[in-house]
Each structure stands twice: as structure tokens, then as C-alpha cells.
Amino acid sequence: MNESAPQVIKMYAAREEIYPREIKGKYVSLRWLFVWLTQLVFYCGPWLQWNGRQAVLFDLGARKFYIFGIVLWPQDFIYLAALLIISAYLLFLATAVAGRVWCGFACPQTVYTEIFLWIERKFEGNRSARMALDKQPPSFKKFAKKTGKHLTWAALALWTGYTFVGYFTPIKVLGSEAFTLSFGPWEWFWVVFYAFATYGNAGWMREQVCKYMCPYARFQSSMFDKDTLIISYDKERGEPRAPISKSKQTTGNGSCIDCSLCVQVCPTGIDIRNGLQYECIGCASCVDACNSVMDKIGQPRGLVRYTTEHGLVNKYTPAQIRERTLRPRVRIYTAILGLIICAAAASLYLRTPLKMDVIRDRGSMGREVEDGMIENVYRLQIMNTSERGHTYQIRVSGLDTLKQVTADQVVVAATETKAYPIRLRVAHGVGKAGSNKIDVELTAIDEPSLHVKEHAVFIVPR
């Protein structure tokens, strides 16, 4: 070898195609349970009806969010913030207890990859058949299988994009527009964009998203400790490895027969026997695969299993591992999460579905009108966030002789915002020159408990 020859360091390695092998087991069944649950919620959500309207609808045009019996407005942004905080703490708690369990069982990337892989198997066959098909020269049979697969992927992706947009545009309206292809520009954009993202991520990129695009894989280790459940290979029991034919002839070999089945079923293509790696999404397919092999060769299960670092080193029993789950970090996450959920729920329960802003007309300061009265003009910005229309009684107070010239009742329909002008007057000589505090109260006639009071200022000319 010529030592003076320049060495080439490759900064990029081409992606090697991964062909995950199909396996059966309790963790695979659990993952498919989450696939069904999440997709039933997602695809059926826009079709649910509540009080004659779509049960879950984020109407950005009208600036109203409908979630079953709750109607949220932009002023209720605090509840969205609380939901995001709750979701984050749930993720932190789940990670501290069981590692990347979210990634392995409920993450949309995992869910749609499982669905797309199932479609791929239906068209192209099992792992060996798919590998052989990709090595074959072009042929009509290969073209037909590939075309059928991609058309099915595209149809599912478009339906997914259509469903996603159905959470923002009423799904029935969207359906009628779909038949005539009369989507608006933004509807076209989001249907196609979401469909393309689903098709690309689940059909083509797959493990690339988990390994390189998802930031969670990079910072997950900050939430791990030695009592976090992770998928581990029991090296003490499994080594040294030997094929089953040799392990029967010699003694002193470990339980691992080096069948590589744990690698073949891994959706990210890693070897769990090399230890915990950031590419591992915690799907436990390798656990099911190894357990099936142990059953066949008459060895106890658990060579690859869910355990903790402490549990593996100290040989803890499952009961001891569960006992160490309630450590300080988990208790802190649970306590904070419980407080936030209770506070958000209490605030939502006590929330008054009526809001009012009193805005004084700045174009006309206090002015003198007939009979020597002083008049101020206001606009009541009334927001009825309930799904029932109400007739409201307007009452004013704070100054002697203060009276309302305009009608003292206003009708506001369900989930309506209404601007209602009122004129208030006081007798000349009442109140001090300048600003005087007054109160404006709004009460539903048919539901007296529904009321709100706001402060305002009455201007008396100097």
C-alpha cells in the first residue's frame, strides 16, 4: 500500500435499504392496537356530530375552535398553552419511566410506517420476496406490483390529507368540494402537502425520519437514568454467541444462537446486541423475535427484554424494577402534571361562557345634549361562547341619575360576537369634571347566573 497516497474520507454514506421482517408477538399486537386506536380517532374525528355541527372543528376563518361542547376563542389561548404543556409533561413522564415508548407505539411516523409496510407486504410479499424483487431486472410483473403499491400508498396519503383539512374546514363541505374539485387554494395546498408528507415519510424515508430528522432521538438521553425501562440484550447470558449446531456440540456457549432475527425485524436496522443506541425507537420487535427463537430452542425468554440498567446489572426481579419506578424524577413529573391538569380542568369548568368589553367612543368626548344632560357613547363588544342564544339585560351604575337612553336588552345568538352601541346620560352637575368610574353589567334573562360586569369611564366636560 502506498502510504503517500491521499486518503479519502467519505462524509456521506448512501442509505442502505431496510426490509423489516414480519414478526408476531405481544408487543407487535400492542403496537397494532395503537395503530387502530389512533387512526380510528383521527379518521372518524371530523365525522362526529355535536348539537347539529361538527364535534371537533378548528374554524380559523371564524376564529372559533369547537371541541364537543366547548367553544374556544382566540382569547382562550391559555387553554391551548395548557394543552401543549400537559402533552410535553406526559412525554417527559413516559420517557423517564419507559424510554421511547411513544416513538415505538404511538408516534405518527411509526403508525403510518406500519400501515405502509403492511400494504407493501400485500403487494410484494415477505422480506425475502421483497429483497429478491428489488434485485430483479425490470419486468411487467415487477412494474405491476410496484405500481399497485404506490397507487395504494398515494390513495391512503390523499385520504389522510383530506381528513387533516377536515378538522379546519367542515368535512361535509369539504366532501362536496372534493366531488367537483372546487377546493380553495389553501385547501388544495394543505391536502396535497399533508398527503405528500405522509407518502414521503412513511413510504420512502421511514427510519431516516427517526434517525436524522426527529430531534427527540437526540435529546432523549437527558431524560433517561439507570432506572428507565429500555430494551436491552443480556450480554452475560447471551455471550459467547454460537450457531445452534455448534452450541449443541460444545459447552460454555451463551443463549444467543446468532440468528440475527433481532436485526431483521428492526425498523431502523440496528443490532440491539451492541447496546442502547439513539436509533432505537423502543418498538420491542426484537423482543418478540428473540422470545420466539428462545421458545423454539427450549431456552427461557428474556434474552432481549424490557429492563433497566440497574435491573440488568443487579439482576432485579420485575417487582423490584417496578418498585424503583417511583423515584424522585418520576414523582416530580407526576406532581407537576397533576397540578397543571387540575388547574386547567378547574379553569375550564368555572369558565363563564360570556365575555364583554366596554369601549367608549373616543371620537366624541362627553357632550351636552337636550335638557342639559351629559352624554357619553359606548360600544359593547359582547361574545356569547355558549351554544345557546340568550337575551341579555344591560344595567349601568356608578353615578347618580345615570341612565341608558338606548334599549337595555340585546339578543346575541349562539357562538356569536356582537357589537352593540349604547348611550349613557347623567344630569348636569352630577359627578366631577373629568373621568368618573361607572359599571356596566350584562345578565342573561333566561339564566341569571350567566352575567358579567365591566368597569368603564364616564367623561364630564370641564
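Helices (H or I, at least four residues) and strands (E, at least two) are taken here as DSSP runs, numbered from the N terminus. The structure is a predicted model, in which local features need pLDDT of at least 70 and side-chain atom pairs count only at pLDDT 80 or more, while totals for chains, interfaces and linings use all residues. Residues are numbered from 1 along each chain as its sequence is written, and side-chain values use heavy atoms, with hydrogens and water left out.

We may start with the overall form. The secondary structure of the protein comprises 17 helices and 16 strands. Along the principal axes, the C-alpha atoms fill a box of roughly 115 × 60 × 60 Å. The radius of gyration, taken over C-alpha atoms, is 33 Å, whereas a compact globule of 462 residues would have a value near 23 Å by the rule of 2.2 Å times the number of residues to the power 0.38. Of the 462 residues, 42% count as buried; buried means under 20% relative accessible area, exposed over 50%, and partly exposed in between (1.4 Å probe, protein chains only). Contacts (heavy atoms within 4.5 Å) between residues at least 6 apart in sequence join residues at least 24 apart in 68% of cases.

Next come the nonpolar cores. In soluble globular proteins, nonpolar side chains tend to be buried together. A nonpolar core is defined as a set of buried Ala, Val, Leu, Ile, Met, Phe, Trp, Tyr and Cys residues joined through side-chain atoms within 4.5 Å. The largest such core holds 27 residues, and Leu380, Ile382, Leu442 and Phe458 touch the most other members. The elements giving two or more residues to this core are strand 8 (354-360), strand 10 (374-384), strand 11 (390-397), strand 13 (409-412), strand 14 (416-426), strand 15 (434-444) and strand 16 (451-460). Another core, of 24 residues, lies apart from it and includes Ile23, Cys256, Ala289 and Cys290.

The open and enclosed spaces were mapped on a 1 Å grid over the protein atoms alone: a cavity is a set of points where a 1.4 Å probe fits but cannot get out, a pocket is an open set with protein on both sides within 12 Å along at least five of seven lines, and lining residues have an atom within 4 Å of a point. Grid points are joined across faces, edges and corners, and a volume is the space filled by probe spheres set on the points. For the linings, Ala, Val, Leu, Ile, Met, Phe, Trp, Tyr, Cys and Pro count as nonpolar, Asp, Glu, Lys and Arg as charged, and the others, Gly among them, as polar.

The largest pocket offers about 770 Å³ of space. Among its 15 lining residues, Val41, Leu83, Leu84, Ser87 and Trp102 are the closest to the centre. Helix 1 (26-44) and helix 2 (77-98) are the elements that give two or more residues to this lining, and helix 2 has the largest share, with six. By class, the lining has 13 nonpolar, two polar and no charged residues.

The second largest pocket has about 530 Å³ of space. It is lined by 21 residues, with Ile67, Leu72, Tyr79, Leu80 and Leu83 nearest its centre. Helix 2 again supplies the largest share, six residues, and the lining divides into 18 nonpolar, no polar and three charged residues.

Four cavities of 30 Å³ or more are found in the whole structure, and the largest has a volume of about 180 Å³. Its lining counts 18 residues, of which Thr110, Thr113, Glu207, Pro267 and Ile281 are the closest to its centre. Helix 4 gives the most, with five residues, and the lining comprises seven nonpolar, five polar and six charged residues.

Some individual residues round off the picture. Arginine 351, in the loop between helix 17 and strand 8, counts as buried because its relative accessibility is 17%. Beyond residues up to four places away in sequence, arginine 351 touches Ile70, Val71, Leu72, Trp73, Asp76, Tyr79 and Thr385. Leucine 339, found in helix 17, counts as exposed at 62% relative accessibility.

Most residues other than glycine have a negative phi, and most peptide bonds are trans. The peptide bond from glutamate 239 to proline 240 is cis, with omega near -5°, and proline 240 lies in the loop between helix 11 (235-238) and helix 12 (244-249). Threonine 415 has a positive phi of about 50°; this residue sits in the loop between strand 13 and strand 14 and is buried, with a relative accessible area of 11%.
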